[in-house]
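Open the model in your viewer and set it to cartoon. We will go from the whole chain to a pair of helices, then to a single residue.

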Amino acid sequence: MMTSVRFQIAAALSVMVNAVFFGVGAIIVLSVPELAEEAKYLLPAVVVLSIVLTPIASWMIAPRLRNRYWQKRKTLHNK
């Protein structure tokens, strides 16, 4: 069974995207004093939210990482 190139790129990218989402969410929760008080509830929510948003963001970013996309953009800017 063959998977699409977009899926393969999105799968490889998902680990990094998830780390960024979780890191940003954790920093926000832990650096805001009002949120830090509720960290034991908010950090698991950040984990779940990052897991939910990761496939969507990875799928949207993947086509931009293909060489074909950049070649089209390059030719459009040179006209």
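Contact here means heavy atoms within 4.5 Å. Keep that cut-off in mind while you select the whole protein chain, which is a predicted model. Take the contacts between residues at least 6 apart in sequence: 67% of them join residues at least 24 apart.

Stay with the whole chain and color by secondary structure. You should find 4 helices and 0 strands. From start to end the pattern reads α-α-α-α.

Now switch on the surface. Its accessible area is about 6,200 Å², and carbon and sulfur atoms account for 71% of that. How much of the chain is buried? Of its 79 residues, 16% count as buried.

Next, select residues 5-31, helix α1, together with residues 39-61, helix α3. Their axes come within 7 Å and cross at roughly 150°. An angle over 145 degrees counts as roughly antiparallel, so α1 is roughly antiparallel to α3. The crossing of α1 past α3 is right-handed. Color the contact of α1 with α3 by residue class: 20 residues are nonpolar, 6 are polar and 1 is charged.

Last stop: select L65. Look for L65 in the loop between α3 and α4, the helix at 67-78. Is L65 buried, partly exposed or exposed? L65 counts as partly exposed because its relative accessibility is 48%, and the partly exposed class lies between 20% and 50%.

Finally, add R6 to the selection and draw a distance between C-alpha atoms. L65 and R6 are 59 residues apart along the chain, yet their C-alpha atoms are separated by 9.0 Å.

Key:
Residues are numbered from 1 along each chain as its sequence is written. This is a predicted model: local features need pLDDT of at least 70, side-chain atom pairs count only at pLDDT 80 or more; totals for chains, interfaces and linings use all residues. Side-chain values use heavy atoms; hydrogens and water are left out. Helices (H or I, at least four residues) and strands (E, at least two) are DSSP runs, numbered from the N terminus. Buried means under 20% relative accessible area, exposed over 50%, partly exposed in between (1.4 Å probe, protein chains only). Accessible areas come from the Shrake-Rupley method with a 1.4 Å probe; for residues, only the protein chains shown count as cover. Axes are lines fitted to C-alpha atoms, for helices over the stretch in contact, and angles run from 0 to 180 degrees between N-to-C directions. Angles under 35 degrees count as roughly parallel, over 145 as roughly antiparallel, 65 to 115 as roughly perpendicular and the rest as oblique. A crossing is left-handed if the near helix is turned anticlockwise from the far one by less than a right angle, and right-handed if clockwise. Ala, Val, Leu, Ile, Met, Phe, Trp, Tyr, Cys and Pro count as nonpolar, Asp, Glu, Lys and Arg as charged, and the others, Gly among them, as polar.
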